[in-house]
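Got the model open in your viewer? Switch to cartoon, keep the selection box handy, and follow along stop by stop.

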Amino acid sequence: MADQFTPGPWEYDLHTVVGPGGAIAETCTSDFDDEMMLANAKLCAAAPMLLDACRYVLRWWTECGFGEADDPWHPSIVEKLQQSIQAATGERLAVAEDGE
């Protein structure tokens, strides 16, 4: 499934997240100070890169045989990566627990 969001890289300033086609999001609100709005803009602008990283690590973790199913970290890492990808895209990846 192709991504439906504006491709990265995204940039930011205090109030706006901008992609190649223009403004993507506004971070202004009266509830936050400038420091928090800037932090929110940075996090939003990093979203495409973070999604790519989650996909890469999930693929690497499962296809390269890292984290065998009996490894106590394996289920937790795979689940967190899958949840992050699903939250960003709506897609649910089926990954074998034994790395196959």
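Start by selecting Val18 and Ala23: Ala23, in S3, is the bridge partner of Val18. Strands here are DSSP runs of E, at least two residues long, and helices are runs of H or I, at least four residues long, both numbered from the N terminus. Before going on, a word on what you're looking at: it is a predicted model, so local features need pLDDT of at least 70 and side-chain atom pairs count only at pLDDT 80 or more, while totals for chains, interfaces and linings use all residues. Residues are numbered from 1 along each chain as its sequence is written, and side-chain values use heavy atoms, with hydrogens and water left out.

**The sheet**

Stay with the same pair of strands and add Thr16 and Glu26; Glu26 in S3 stands opposite Thr16. Now select all of S2 (residues 16-19) together with S3: the two pair in the antiparallel sense over four bridges. Pairing, by the way, takes at least two DSSP bridges between the strands. Look at the turn, and you'll find that S2 and S3 form a hairpin with two residues between them.

Next, bring in S1. Which residue in S2 is the bridge partner of Glu11? It's Val18. S1 and S2 run antiparallel, joined by two bridges, and they form a hairpin with three residues between them.

Zoom out a little to see the three strands as an open sheet, ordered S1-S2-S3 with antiparallel pairing. Strand S1 (11-12) and strand S3 (22-26) are at the edges; each has a single partner strand, so one side of each is left without a neighbour in the sheet.

**Just before the sheet**

Step back to Pro9, in the segment before S1. Show the backbone here, since Gly8 and Pro9 are joined by a cis peptide bond, with omega about 5°. Is Pro9 buried or exposed? It counts as exposed, with a relative accessible area of 65%. The cut-offs are under 20% for buried, over 50% for exposed and partly exposed in between, using a 1.4 Å probe and protein chains only.

Select what Pro9 touches: leaving aside neighbours within four places in sequence, its contacts (heavy atoms within 4.5 Å) are Val18, Gly19 and Pro20. Then draw a distance from Pro9 to Ala45: the C-alpha atoms are 7.7 Å apart, although 36 residues separate the two along the chain.

**Into the helices**

Now select Leu51, Cys54, Leu58, Trp61, Val78, Leu81 and Ile85. These seven residues make up the largest nonpolar core. The term covers buried Ala, Val, Leu, Ile, Met, Phe, Trp, Tyr and Cys residues joined through side-chain atoms within 4.5 Å. H2 and helix H3 (74-89) each supply at least two residues of this core, and H2 gives the most, with four.

While you're there, pick Arg55 in helix H2 (residues 47-63). Arg55 counts as buried because its relative accessibility is 18%. Beyond its neighbours within four places in sequence, Arg55 is in contact with Asp3, Ile85, Thr89 and Glu91.

Turn to the surface and select Trp60, also found in helix H2. Trp60 is partly exposed, at 34% relative accessibility. Add Tyr56 and Val57, and you have a nonpolar surface patch with about 290 Å² of accessible area together.

**The wide view**

Finally, deselect everything and colour by secondary structure. The chain has three helices and three strands, running β-β-β-α-α-α from the N terminus. Buried residues make up 25% of its 100 residues. Of the contacts between residues at least 6 apart in sequence, 40% join residues at least 24 apart.

Methods:
Patch = residues over 30% accessible without salt bridge, like charges linked within 9 Å, V, L, I, M, F, W, Y side chains within 5 Å. Areas by Shrake-Rupley, 256 points an atom, 1.4 Å probe, with all protein chains shown as cover. Salt bridge = Lys/Arg side-chain N within 4 Å of Asp/Glu carboxyl O.
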